[in-house]
Amino acid sequence: PLFAAFVLWGSQYVISKIALRTVPPVTLLALRYLVSVPALFIVLRLRHALTPVKKGDWPILFAIGFTGYFASFCLQMLGINRLTGSVSSLLGAMNPIFIPILAALFLHERITPAKIACVALSMAGVVVGVDGTVDASGALLMLASVFLWSTASIIIRRVSGRYDPMQIALIAILCALPFTGGWSLIELQSAPCSFTLESVLAVLYMGVLGTAVTHSLWNYSLRVMDASFCSMFYPMQPLVSSILGVLFLHEAVTPGFVIGALMICCGIVAAVISAKPRNA
C-alpha cells in the first residue's frame, strides 16, 4: 500500500501536465476538488470514520483549508504549469525538510545540528537540480507552495488526534473550494479552457485515485507501520515523476537534475532518520 501511495502521488505531477494542456491551473484544481469531495465522503462512510466536529475546531480546520488546500495547492498548480513534471515533483518532495523548521518555530520542537545539515543538503540539491534552464518563477511558486503546505501540516497537528485524516482533508477541501472556485471563475475570463478525453480522465484520476485512494493507502500504512518509516518513501515521488515524464511527456532529465535529486533525497532520508525517537 505504501509503495502504491507514493507511485500515485508521484504520477499526479505528470497527470497534471497532461490536463494543463487544455484546462487552466486553478480551474483544474477546482475540478479535482469537485471529484474528490464525493470520493472522500464515500470512503469515509464505508469506513464509518465520520465523527461530529467540535465547535472550537472549525477555525483550525478553516485555517488548514485556506492555507493548505487553497493557497498552497493553487500555487502548486501554477508552478506545475510553468515547470516540467519531474522538476515540480522534485521541489514538491521537500515537505519533510520544511516541517522540522516550522515545528521548531511554532511548536518549540528542538532543532539539532543534524536537522540543519539535512536542510542545507536538500537546499543545495535544489540549487544543483534546478538549473538555469528552469523557469525561476515556477520554481519559486513551487517552493512557496511547499512552505505553505508544511505550515498547514503544522496546523493539522492541533486536530490530528481528534479526527480521521481523511475527514480533515474532506472538511479542509470544502473550506477551500469556494476560494478556489472563485479564483477559477476569474481565471476563465482570460484563460481558454476546453475538455478532451485526456483532460477528463486526468481530472477523474486526480480526484479519485490521487486523493481518495491515495489517502486510504497512506492511512492504512500509518496504521501498520511507523510514521518515520513511511516518510522515508517521499523520495519516490520525483523518481516516479521523472520516469513517467520521460515516457509520456518526453521530458529530458539532465545530469544536474539527477545529482540534485540524489542530494535532496539524501537530505530527506537523513532528516527522517534523525527524527526517529531515541530509546531511553
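## An all-helical predicted model

The protein has twelve helices and zero strands, in a model that is predicted. Read from the N terminus on, its elements run α-α-α-α-α-α-α-α-α-α-α-α. Of the 280 residues in the protein, 53% are buried, and the accessible surface comes to about 13,100 Å², with 71% of that area belonging to carbon and sulfur atoms. When contacts between residues at least 6 apart in sequence are considered, 92% join residues at least 24 apart.

### Salt bridges and the parts they link

Side chains of opposite charge can pair when their charged atoms come close. The structure holds three salt bridges, which are set out below with the separation of the N and O atoms in each pair.

| Acidic residue | Basic residue | N to O distance |
|---|---|---|
| Glu 198 | Arg 21 | 3.4 Å |
| Asp 164 | Arg 47 | 2.6 Å |
| Asp 57 | Arg 162 | 2.3 Å |

In the salt bridge between Glu 198 and Arg 21, the closest N and O atoms are 3.4 Å apart. This pair links distant parts of the chain, since Glu 198 belongs to helix α9 while Arg 21 sits in the loop between α1 (2–19) and α2 (25–47), 177 residues apart. Glu 198 is partly exposed, because its relative accessible area is 46% and the partly exposed class lies between 20% and 50%.

Asp 164 pairs with Arg 47, and here the closest N and O atoms are 2.6 Å apart. Again distant parts of the chain are linked: Asp 164 is in the loop between α7 (136–156) and α8 (165–187), and Arg 47 is in helix α2, with the two positions 117 residues apart. Asp 164 has a relative accessibility of 14% and therefore counts as buried, whereas Arg 47, at 31%, counts as partly exposed.

The side chains of Asp 57 and Arg 162 also meet in a salt bridge, at 2.3 Å from N to O. Asp 57 lies in the loop between α2 and α3 (58–82) and Arg 162 in the loop between α7 and α8, so this pair ties together parts that are 105 residues apart in sequence. Asp 57 is buried, with a relative accessible area of 4%, while Arg 162 counts as partly exposed at 44% relative accessibility.

### Helix α9: a buried serine and a nonpolar patch

Helix α9 covers residues 197–224 and includes Val 200; Ser 199 lies in helix α9 as well. Ser 199 has a relative accessibility of 0% and so counts as buried. Leaving aside residues up to four places away in sequence, Ser 199 touches Ala 19, Thr 22, Val 23 and Ser 194. Val 200, by contrast, counts as partly exposed because its relative accessibility is 37%. Together with Phe 195, Leu 197, Leu 201 and Leu 204, Val 200 makes a nonpolar surface patch of about 500 Å².

### Helix α11 and two histidines with positive phi

Helix α11 (residues 236–248) has 13 residues and reaches 18 Å from its first C-alpha to its last, which is close to the 18 Å expected at 1.5 Å a residue. Its buried residues are Met 236, Gln 237, Pro 238, Val 240, Ser 241, Ser 242 and Gly 245. After α11 comes His 250, which has a positive phi near 55°.

His 48 has a positive phi too, of about 55°, although it is not a glycine. This histidine is found in the loop between α2 and α3, and His 48 counts as exposed because its relative accessible area is 72%, a value that lies over the 50% cut-off for that class.

### Cysteines

The structure holds zero disulfides. Cys 74 is buried, with a relative accessible area of 0%, whereas Cys 193 is partly exposed, with a relative accessible area of 33%.

Methods
Residues are numbered from 1 along each chain as its sequence is written. This is a predicted model: local features need pLDDT of at least 70, side-chain atom pairs count only at pLDDT 80 or more; totals for chains, interfaces and linings use all residues. Side-chain values use heavy atoms; hydrogens and water are left out. Patches are made of residues with over 30% relative accessible area and no salt bridge: like charges are joined within 9 Å, nonpolar side chains (Val, Leu, Ile, Met, Phe, Trp, Tyr) within 5 Å. Accessible areas come from the Shrake-Rupley method with a 1.4 Å probe; for residues, only the protein chains shown count as cover. A salt bridge is a side-chain nitrogen of Lys or Arg within 4 Å of a carboxyl oxygen of Asp or Glu. Helices (H or I, at least four residues) and strands (E, at least two) are DSSP runs, numbered from the N terminus. Buried means under 20% relative accessible area, exposed over 50%, partly exposed in between (1.4 Å probe, protein chains only). The expected span of a helix is 1.5 Å times one less than its number of residues. A disulfide is a pair of cysteine sulfur atoms within 2.5 Å. Contact means heavy atoms within 4.5 Å.
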